Amino acid sequence: MKRREFIKSGLVLTVAAGATGPKAFGEVLAPAEDNVNQVEMERFIKELDISMDRISHSGGEHIRNLISQSSDESEEKIFRANLRSLMLVGSFGDLPIKGQVHPWMQKRMMHSAAEVEFSVNNSFSMLKNVSDESKEDVRSALTEDPALGRRILDTLDLEAQSIGVPSARRRQMKAMGRRIMRRLRHSPEMFIDEYVHKSEKLLLASNSDEALEKLFRMQVGEARYASCLKEAESAALQWENLNIPDVTVGYGLILDEQENDEEPKEISQPRPIRGLRLLGIGLITTAVGLLLLAVVPGVFWPGVILGITIGPFLILLALIIIIVSALIRVIKK
């Protein structure tokens, strides 16, 4: 079967799976009002936990149908960890600051910190080690069939829809994806090397919250940054005064035992959060202790394009390279 015919047949399977497979259960919509209340946060956290757990069991199904083969274990882990990292951090960034510092949301971010780190590290490592031959194969596949990029993005959109990613963020993800496809068709070597270099620089900055704080201050301005921190501290104190009971996180982690702590550490003993930092989330100190905060609320996805952070772009680029490479492997067999 010719490459183009094979890939188109994969798309048919993907569309069919979208009609008969696991259906979207509705968008996981973050409360929009700044003064979010406990009832709204309970609803949101419940929906988020369901979505994160669903990815553990069925995440990547549309991708597997597209490539018409069973992915190997490492690819499965990367598919699911990447999808969950984008889902979790995107949902966090959609929340108003008061929602971000809610104790249940903070607990989930710390619970997933190691998984986000895994996702970011694997995406970076994979891109850094793509061979010149593989880069040329990717370029050829995308240029021989000009519609392939769109079909891959449609598949990723189906995947996102099935796990409850809001439509507005899915549109933003497609815009990022179209930019990636254009660059990969032109010169994958130049494009991948460029983002590996950018990621290396940002990873160095993300080794400390002080360096990341400096970056955000430069991007958004001193006044807005200070306002965000003041709002976060005030909101955290409001939640603390309500004496909100602790709740169990409703999803496990997609990690091997050696990669995962058996007992998540408390927020006063944070797990590795470099991956979260690369995705635009910093650790701040307030009157109630350490808190994670997306200090540029409302611009999480557009911020990727504006240069505030490149973490989501890095993860999406890695996913696309994995999918195209998997299609090429099947064709060559």
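# Questions on a predicted model

Visitor: How far does helix H13 reach from its first C-alpha to its last?
Guide: The model discussed here is predicted. Helix H13 covers residues 222-241 and has 20 residues. At 1.5 Å a residue, a span of 28 Å is expected, and the helix comes close to this, reaching 29 Å.

Visitor: Why can the buried residues of H13 be said to line one face of the helix?
Guide: The buried residues of H13 are Tyr225, Cys228, Ala232, Ala235, Ala236 and Trp239. Seen down the axis of H13, these buried residues line one face because they fall within an arc of 105°.

Visitor: Which residues are exposed on the other side of H13?
Guide: A residue counts as exposed when its relative accessible area is over 50%. On the other side of H13, this applies to Ala223, Lys230 and Asn241.

Visitor: Which strands are included in what covers the buried residues of H13?
Guide: The cover includes helices, among them H2 (38-58), H6 (103-111) and H12 (209-220). It also includes two strands, E1 (282-286) and E2 (289-293).

Visitor: Which helix gives the most to the largest nonpolar core?
Guide: The largest nonpolar core has 93 residues, and those with the most contacts inside it are Met105 and Leu184. The helix that gives the most to this core, with 15 residues, is H16 (residues 311-332).

Visitor: Which residues is leucine 184 in contact with, leaving aside its neighbours within four places in sequence?
Guide: Leucine 184 is one of the two residues with the most contacts inside the largest core. With its neighbours within four places in sequence left aside, leucine 184 is in contact with Val138, Arg139, Leu142, Phe191, Ile192, Leu317, Ile320 and Ile321.

Visitor: How many residues apart are arginine 108 and aspartate 49?
Guide: Arginine 108 and aspartate 49 form a salt bridge, with their closest N and O atoms 2.8 Å apart. Both residues are buried. Arginine 108 lies in helix H6 and aspartate 49 in helix H2, so the pair links distant parts of the chain, and the two are 59 residues apart.

Visitor: What separates glutamate 47 and arginine 43 in helix H2?
Guide: The side chains of glutamate 47 and arginine 43 meet in a salt bridge (3.0 Å, N to O). Glutamate 47 is partly exposed, with a relative accessible area of 23%, and arginine 43 is partly exposed as well, at 36%. Because they are four residues apart in helix H2, the separation is about one helical turn.

Visitor: Is lysine 135 buried or exposed?
Guide: Lysine 135 in helix H8 (residues 132-144) meets aspartate 193 in helix H11 (residues 188-205), and their side chains form a salt bridge (3.1 Å, N to O). Aspartate 193 is partly exposed, with a relative accessible area of 38%. Lysine 135 has a relative accessible area of 6%, and a value under 20% counts as buried, so lysine 135 is buried.

Visitor: Which residues is serine 91 in contact with, leaving aside its neighbours within four places in sequence?
Guide: Serine 91 is found in helix H4 (residues 73-94). At 1% relative accessibility, serine 91 counts as buried. With its neighbours within four places in sequence left aside, serine 91 is in contact with Ala30, Phe44, Leu48 and Arg169.

Definitions and conventions. Residues are numbered from 1 along each chain as its sequence is written. This is a predicted model: local features need pLDDT of at least 70, side-chain atom pairs count only at pLDDT 80 or more; totals for chains, interfaces and linings use all residues. Side-chain values use heavy atoms; hydrogens and water are left out. The expected span of a helix is 1.5 Å times one less than its number of residues. Buried means under 20% relative accessible area, exposed over 50%, partly exposed in between (1.4 Å probe, protein chains only). The arc is that of the directions from the helix axis to the C-beta atoms. Contact means heavy atoms within 4.5 Å. A nonpolar core is a set of buried Ala, Val, Leu, Ile, Met, Phe, Trp, Tyr and Cys residues joined through side-chain atoms within 4.5 Å. A salt bridge is a side-chain nitrogen of Lys or Arg within 4 Å of a carboxyl oxygen of Asp or Glu.
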